[in-house]
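I set out to record, entry by entry, what I looked up in this structure. The notes begin with the chain as a whole and then turn to single elements and residues.

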Amino acid sequence: MAHFARIVDGLVTEVIVVDNSDILDADGNESEAIGRAFCTDLFGGDWVQTSYNHTIRKNYAAIGDSYNETLDAFISPSPYSSWLLNEDTCKHEPPQPFPNDGNPYYWDEGNLIWVYFDPID
């Protein structure tokens, strides 16, 4: 199965599954262009292929994500305003790395730090 995301004003508004037989070219090879045309013919709009396996476009598309044509990637909204986009992974990263001590933490945006979360409190 192939997956395609509808893009409206740079945002993902819908993700659908398309049977592989509907995206084959004359030689029997999968073609994104044919898949995009198939989706447009059925539903209208602009469509871009996405992949659960992250083999294309960095991340699997979800409703509310943006599609960045320059990076050719789907990007989820940043969870916090201080987090920056890593253009290699197209994921947002905190200004401080997550502590690597096996303990639970949550991000404190006001102080820009990871705070230990004590599940007993």
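**Entry 1: The fold**

I began with the secondary structure and found 1 helix and 9 strands in the chain. The model I am reading is a predicted one. Reading from the N terminus, I noted the order of elements as β-β-α-β-β-β-β-β-β-β. I then asked how far the chain is spread out. Its radius of gyration is 19 Å, whereas the globule rule gives 14 Å for 121 residues, so the chain is more spread out than a compact globule.

**Entry 2: Extent, surface and contacts**

I looked up the box that the C-alpha atoms fill along the principal axes, and it is roughly 60 × 30 × 25 Å. For the accessible surface of the chain I recorded about 7,700 Å². Carbon and sulfur atoms account for 51% of that surface. Of the 121 residues in the chain, 27% are buried. I also looked at contacts between residues at least 6 apart in sequence, and 36% of these join residues at least 24 apart.

**Entry 3: The helix**

I checked the length of helix α1, which covers residues 32–43. Its 12 residues, at 1.5 Å a residue, should span 16 Å, and the end C-alpha atoms are 16 Å apart, so the two values agree. After α1 comes Gly 44, and I noted that its phi is positive, near 75°.

**Entry 4: Cysteines**

How many disulfides does a search of the whole structure find? I recorded 0. I looked up two cysteines for their accessibility. Cys 39 has a relative accessible area of 0% and is therefore buried. Cys 90 has a relative accessible area of 1%, and it too counts as buried, because the cut-off is under 20%.

**Entry 5: Thr 50**

I turned next to Thr 50, which belongs to strand β3, residues 46–50. Is Thr 50 buried or exposed? Its relative accessibility is 2%, so I entered Thr 50 as buried.

I then asked which residues Thr 50 touches, leaving aside those up to four places away in sequence. The list comprises His 3, Phe 4, Val 15, Ile 56, Asn 59, Tyr 60, Ala 61 and Phe 74. For Ala 61 I looked up a further detail: its backbone nitrogen lies 2.9 Å from a polar atom of the Thr 50 side chain. My entry for Thr 50 thus joins a buried position with a side chain that has a polar atom 2.9 Å from the backbone nitrogen of Ala 61.

Conventions. Residues numbered from 1 in each chain as written. Predicted model: local features only at pLDDT ≥ 70, side-chain atom pairs only at ≥ 80, totals over all residues. Heavy atoms only, no water. Helix = DSSP H or I, 4+ residues; strand = E, 2+ residues; numbered from the N terminus. Buried < 20%, exposed > 50% of the residue type's maximum accessible area, 1.4 Å probe, protein only. Polar contact = N/O pair within 3.5 Å; in protein donor to acceptor, adjacent residues only side chain to side chain. Contact = heavy atoms within 4.5 Å. Disulfide = S-S within 2.5 Å. Rg over C-alpha atoms; globule rule 2.2 N^0.38 Å. Areas by Shrake-Rupley, 256 points an atom, 1.4 Å probe, with all protein chains shown as cover. Expected span 1.5 Å × (residues − 1).
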